[in-house]
Amino acid sequence: MHDVSAQPAVHQHSAPTGFLRKWVFSLDHKVIGKQYYALALVSVFIGMVLSWLMRLHLAWPAWPIPLLDKLSAVGAPAGVMTPEYYLSLLTMHGTIMVFFVLTNAPFAAFGNYFLPIQIGAEDMAFPRFNMMSFWTTFVAWLLMMAAFFVADGPPISGWTAYAPLSAVGGDAGPGLAMGQNLWAISIAVFCIASLLGALNFISTTLDLRTKGMSLSRMPFCSWAWFITSVIALLAFAVLLPACILLILDRTAGTSFFIPAGLVLSDKLQPHSGGSPLLWQHLFWFFGHPEVYIAILPSIGIVATILPTFARKPLLGPRAVTGSMIAIGFLSYMVWGHHMFVSGMNPFSADIFSVPTLIITIPATILTLLLLGTVYGAKMRFTAAALFCLGFISVFISGGISGFFLAQPSLDTILHATYFVVAHFHFVMAVASIFGVFAGTYYWFPKMTGRMMSEPLGKLHFWLTFLGVYAIFMPMHYLGLAGNVRRYSAFVDDYAIALIPVHKFITIAALLTGAAQLIFLFNLIWSRFRGAIASENPWEATSLEWSTSSPPPFDNFGGRHMVVYNGPNEYGVDGPQDYIMQTSPEKVPVR
Amino acid sequence: MGKLFSAAVIIITVVSVAIFVMHVWWLPIDISTTGPAVDHQLDETFIGTGILFFASQILLALFVWGASNTSSSRKIKNFPGGATPLVAFAIILVGLEILTLTFVGSKAWGAIYIAPPDPNSLKIDVQAEQFAFYFRYPGPDGQFGGIHPDKIDDGSGNYFGLDPANDVAARDDIVVGSLTIPVDKPIWLTLHSKDVGHSFFVRELRVQQDFVPGLDIPVHFTATKTGKYEIVCTQLCGLGHYNMKAYLEVLSQDEFDQWLKAQAGQ
């Protein structure tokens, strides 16, 4: 075996000293990871405030919301939002959350910061690409935010931007002129950034692993980031041309998504030959894998963190990686389950339904293996551990409703109702965000050199865990009763009877949202006042815990790391109950 | 802390399941011939996945409860049998569940969307536009007039773009704002959209189908109970989406005949 000290001294990179190169246009993956995190943090608070505004309007439609008229005098005269402004907020909430939060936080932010360190690299394979990825994402974000400030407001076509509503321009309604242009351009730019990022992640994982870091020794979150980047490479490569076609339909008079004979605003539209279903196919070919882009990194993060606090190895490590790969592979065969009642050939419903249901098998395996890891453990109930356990619970709750929506025969009654809203918020949004919270409490000491406050973290967990159930569980009942989503007010006979449930949800959403301020406070306060973190405060095994907190510019201070073990060596006998990946100590046979 | 977590998970699970089981909020009544199969499929899915949901949440609570005992005398235990039985269990149990749901469910789906409509159906054309539905009956000649988008004019009530001056079949077409049908008679709708995507959803019929601009989409069903039901739009179609609705009125055959005669006479 190698003697680490006998390694040749490596060339040590020196950190840049100029302000711009160090903090703004940095090539350092750690700074870029933090930049992604900061962008996601700003975005998630914007998205959350939008959901507050929508929830308030749904429960008490006549109440003026203070200051809302300052944001948009047209959209909310005297603070009471118009139906179209509600749809603008809905579109922006979905878009911001899916793209700038759920794609950026668990994947781009943590992946950038920790993938190179976990595999023993000094940086990403292409640091300049990496910097471009972030700043291109930032440009996309600015374009999206600009939609709030154009004359007729943000688009009202939802985050899925179904054509022809999104394609014909201002004749289709407010927000669909300049607002929708900005949306389409922003998403196209976001696609470019994500493609660059995905290429970088893949190259880094395949080429820059240090000595001894075989694929099977990679931590589970590195595996998840790797699989996710493969998914992202294929998914964004389809959304990008789709957005370009949409932009052409909107600005250059083409008709990719617009058929002949449409009459909008009493005008016969000058288009012919396009297919609205083409947009849906292209969008969902991206859109469904996107769900896994959001959730897989969080599954990986939980599979990494849970054993650390359970003090025992993850059960079935190969089955966990295999299930993640299976989910990634299957994610490309199921997009049509968003389109059962869309008017596509009804025979194809079964073709899309079966692989969708099959995804529940690897998902069930993952859940059972996480459960089996908790079994018999001596759990350390830190905030990070609690969020991992909460993840398991919400992942079960969100996954179960997938059994319903995967079946075309049930989609006839559940499609476009609040049942769907409950499903995807639980399984994609809440579960993914729980992974991000777990990751934040776990890695904050490594990223900043200071510990976060545990009491505040636990308080944050409890309010959030109970809160998300109070918000999203009742939405299943609403959906069953036939409450249609994307309505700015409830005027149907059925829905009026359900308004008390909406009021309950709104109160829960306001309180749960307010609880996130505890997290924000903890984040900022701990950054400056938190206890100093040691190199390995959680007694974890992976490579980021073999370097200082925070790591030096080149991650390991000129050392060449050599890996002797997998990441899963917890609960061993001996003076300490774990073996670091860098420790040449032999793993006892269990 | 662990025991508190277990208690919270158990309470959440029991309350959630109880509300489902007690049908506190549930589907409205079913009034179609194809609906019972859908409702049956829903019940099957609820039972199968409900057990899965309940069992896995309770297991989580029990395991966390056990894991919260950190006394130094207790040794860490591995899951009996390791990962293999869990993986096998997941593949077999969930696999069987999937097979059952697919075989039973595809029949329910096929009856609504794949089975051909009865040729003796009453044919009705539906035009959706921002933000209304219009329904067209062929009139005494049994023929629908052709649709000409350039002739669509909401101001004069020509929602379908008919051309009665040149098209004989269009002259007696009856266009109304609500869908009136006879009970127990097969109905064959053809959905067109004037502008953007919309959807036809009647909760009580257990039928939902999008309108796609550029396509004529067939929908067929038979209503088994008279009464008045809501037709709502479920595809985001613009600012008035929330308010886009019409009514389905199911009448006895006699009442329907009289209604149709009255409409034709106008």
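In helix 16 of chain A, which covers residues 499-529, the buried residues are A:Val501, A:His502, A:Ile505, A:Thr506, A:Ala508, A:Ala509, A:Thr512, A:Phe519, A:Asn522 and A:Ser526. As with every feature described here, this assignment rests on a predicted model. The buried residues of helix 16 of chain A pack against three elements of chain A, namely helix 2 (29-59), helix 13 (418-448) and helix 14. The 31 residues of helix 16 of chain A should span 45 Å at 1.5 Å a residue, and the end C-alpha atoms of this helix are indeed 45 Å apart, so the two values agree.

A:Gly513 also belongs to helix 16 of chain A, but this residue is partly exposed, because 18 other C-beta atoms lie within 10 Å, whereas 20 or more would be required for a buried residue. When residues up to four places away in sequence are not counted, A:Gly513 touches A:Met48 and A:Trp52. A:Met451, by contrast, lies 62 residues from A:Gly513 along the chain, and the C-alpha atoms of these two residues are separated by 24 Å.

Helix 14 of chain A, one of the elements against which the buried residues of helix 16 of chain A pack, has 27 residues and should span 39 Å at 1.5 Å a residue, which agrees with the 39 Å between its end C-alpha atoms. This helix is followed by A:Gly482, the phi of which is positive, near 100 degrees. Helix 11 of chain A (residues 383-405) likewise has an end-to-end reach close to expectation, since its 23 residues extend 33 Å from the first C-alpha to the last and 33 Å is the value expected at 1.5 Å a residue. Helix 11 of chain A is mostly covered, with 23 of its 23 residues buried.

Within chain A, the axes of helix 7 (residues 220-251) and helix 8 come within 8 Å and cross at roughly 165 degrees, which makes helix 7 of chain A roughly antiparallel to helix 8 of chain A. The crossing of helix 7 of chain A past helix 8 of chain A is left-handed, and their contact comprises 27 nonpolar, 3 polar and 1 charged residues.

The contact between the chains takes 90 residues from chain A and 83 residues from chain B. On the side of chain A that touches chain B, the elements giving two or more residues are helix 4 (83-118), strand 1 (263-264), helix 8 (276-310), helix 10 (347-374), helix 11, helix 12 (408-414), helix 14 (454-480) and helix 15 (493-497) of chain A. Helix 10 of chain A gives the most to this side, with 17 residues. By class, the side of chain A that touches chain B has 60 nonpolar, 22 polar and 8 charged residues.

Across this contact, helix 10 of chain A packs with helix 3 of chain B (residues 83-113) at an angle of about 155 degrees, and the axes of the two helices are 9 Å apart. Helix 10 of chain A and helix 3 of chain B are therefore roughly antiparallel to each other, and the former passes the latter in a right-handed crossing. The contact of helix 10 of chain A with helix 3 of chain B has 17 nonpolar, 7 polar and 1 charged residues. Helix 10 of chain A also contains A:Asp350, which is partly exposed, as 18 other C-beta atoms lie within 10 Å. A:Asp350 and A:Ile301 are 49 residues apart in sequence, and their C-alpha atoms are 34 Å apart in space.

Key: Residues numbered from 1 in each chain as written. Chains lettered and ligands numbered in written order. Predicted model: local features only at pLDDT ≥ 70, side-chain atom pairs only at ≥ 80, totals over all residues. Helix = DSSP H or I, 4+ residues; strand = E, 2+ residues; numbered from the N terminus. Expected span 1.5 Å × (residues − 1). Buried ≥ 20, exposed ≤ 12 C-beta atoms within 10 Å, placed from the backbone. Contact = placed C-beta atoms within 7 Å. Nonpolar A, V, L, I, M, F, W, Y, C, P; charged D, E, K, R; others polar. Axes fitted to C-alpha atoms, helices over the stretch in contact; angles between N-to-C directions. Parallel < 35°, antiparallel > 145°, perpendicular 65-115°, else oblique. Left-handed = near helix turned anticlockwise from the far one by under 90°.
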